[in-house]
Amino acid sequence: MTNAADYTPSKVWAWNKENGGAFANINRPIAGPTHDKELPVGKHPFQLYSLGTPNGVKVTIMLEELLELGHAGAEYDAWLIRINQGDQFGSGFVEVNPNSKIPALMDRSGAQPIRVFESGAILMHLAEKFGEFLPTETATRAECLSWLFWQMGSAPFLGGGFGHFFAYAPIKIEYAIDRYAMEVKRQLDVLDRRLAESEYLGGDAYTIADIATWPWYGALAKGLAYDAGEFLQVQDYKNVQRWTDQIAARPAVQRGRMVNRVTGDPATQLHERHDAADFLTKTQDKLVPAE
Ligand SMILES: N[C@@H](CCC(=O)N[C@@H](CS)C(=O)NCC(=O)O)C(=O)O
């Protein structure tokens, strides 16, 4: 790999498989499956194929919130997709999400299974199906959807931009880190100003806009993303801090963030969830000694 200052792009881009990046083993310039693999199907109406990253956690929080409200029809099986091992390129997964990224959901509650991919689409699908966490009144619905889509458009600058160049790239490029740090601080300020005037992003009520945004920006605000808390001075965003703590206290959020989680304290890792009781009996601290 050429140093940033010495690099001139060639006329035609070529795939350098050994570029040294943290995800070099899974990044490809082509779509489609790499191998045949059926996805497992459990007993519940919803089959989730995911991993406990911020995008995956949005969906497990939503499902746990629906169950918390008593919607038994939101019961789900959460299957683990290990993206660092290429599970997202199995043929069964690609049939559910042609974009080969978690989270991917099969809604098997009706006569015909329905595939849903993209976390924002999954949140909307579930919100509309159960009539929860998405206001129906025109103005509040518009505000909620505006923040939901703000998150979908903004987080790639946080993760793929700032996080990648700050934490994962094989070389530290000042220009890239500076550009994305500025954008992420601007985004934190956007959130902070909104949360100064409103309890939640969409207004007075907790909605799918908060469910989508908290896993990314709540983690960032607590210094849990990319070890960048001090660099970005996240403690200064007081309203984001208040909102982050408020959402973190919700029981459904505490459960949702454990599902498909494969890092951190073993007591917080529930690799697969097939039953509400799994939170008590199947976390890694309880399984590992028995294995
Ligand atoms: N816009 C998508 C982004 C999903 C996404 O980037 N998923 C990542 C994990 S957080 C992934 O599956 N990466 C695997 C890969 O890129 O091969 C969504 O919100 O669902």
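Author: Contact between two helices here means heavy atoms within 4.5 Å, and helices (H or I, at least four residues) and strands (E, at least two) are DSSP runs numbered from the N terminus. The model is predicted, so to speak of local features requires pLDDT of at least 70, while side-chain atom pairs count only at pLDDT 80 or more and totals for chains, interfaces and linings use all residues. Residues are numbered from 1 along each chain as its sequence is written, and side-chain values use heavy atoms, with hydrogens and water left out.

Reader: Which residues of α6 meet which residues of α8?

Author: From α6, Asp210, Thr213, Trp214, Tyr217, Gly218 and Ala221 meet Val240, Gln241, Trp243, Thr244, Ile247 and Ala248 of α8. By class, this contact has seven nonpolar, four polar and one charged residues (Ala, Val, Leu, Ile, Met, Phe, Trp, Tyr, Cys and Pro count as nonpolar, Asp, Glu, Lys and Arg as charged, and the others, Gly among them, as polar).

Reader: At what angle do α6 and α8 pack?

Author: Two packed helices are described by the angle between their axes and the distance between the axes. Helix α6 (residues 208-221) and helix α8 (residues 238-248) pack at about 115°, with their axes 10 Å apart; axes are lines fitted to C-alpha atoms, for helices over the stretch in contact, and angles run from 0 to 180 degrees between N-to-C directions.

Reader: Which polar atoms approach the ligand, and at what distance?

Author: A polar contact is a pair of N or O atoms within 3.5 Å. An oxygen atom of the ligand is 2.8 Å from a side-chain N or O atom of Gln88, an oxygen atom of the ligand is 2.8 Å from a polar backbone atom of Ile102, and a polar side-chain atom of Glu118 lies 2.7 Å from a ligand nitrogen.

Reader: What is notable in the backbone at Ile102 and at Glu118?

Author: Most residues other than glycine have a negative phi, and most peptide bonds are trans. Here the peptide bond from Ile102 to Pro103 is cis, with omega near 0°, and Pro103 lies in the loop between α2 (91-96) and β3 (104-107). Glu118, although not a glycine, has a positive phi of about 75°, and Glu118 lies in the loop between β4 (114-117) and α3 (119-130).

Terms used
Polar contact = N/O pair within 3.5 Å; in protein donor to acceptor, adjacent residues only side chain to side chain.
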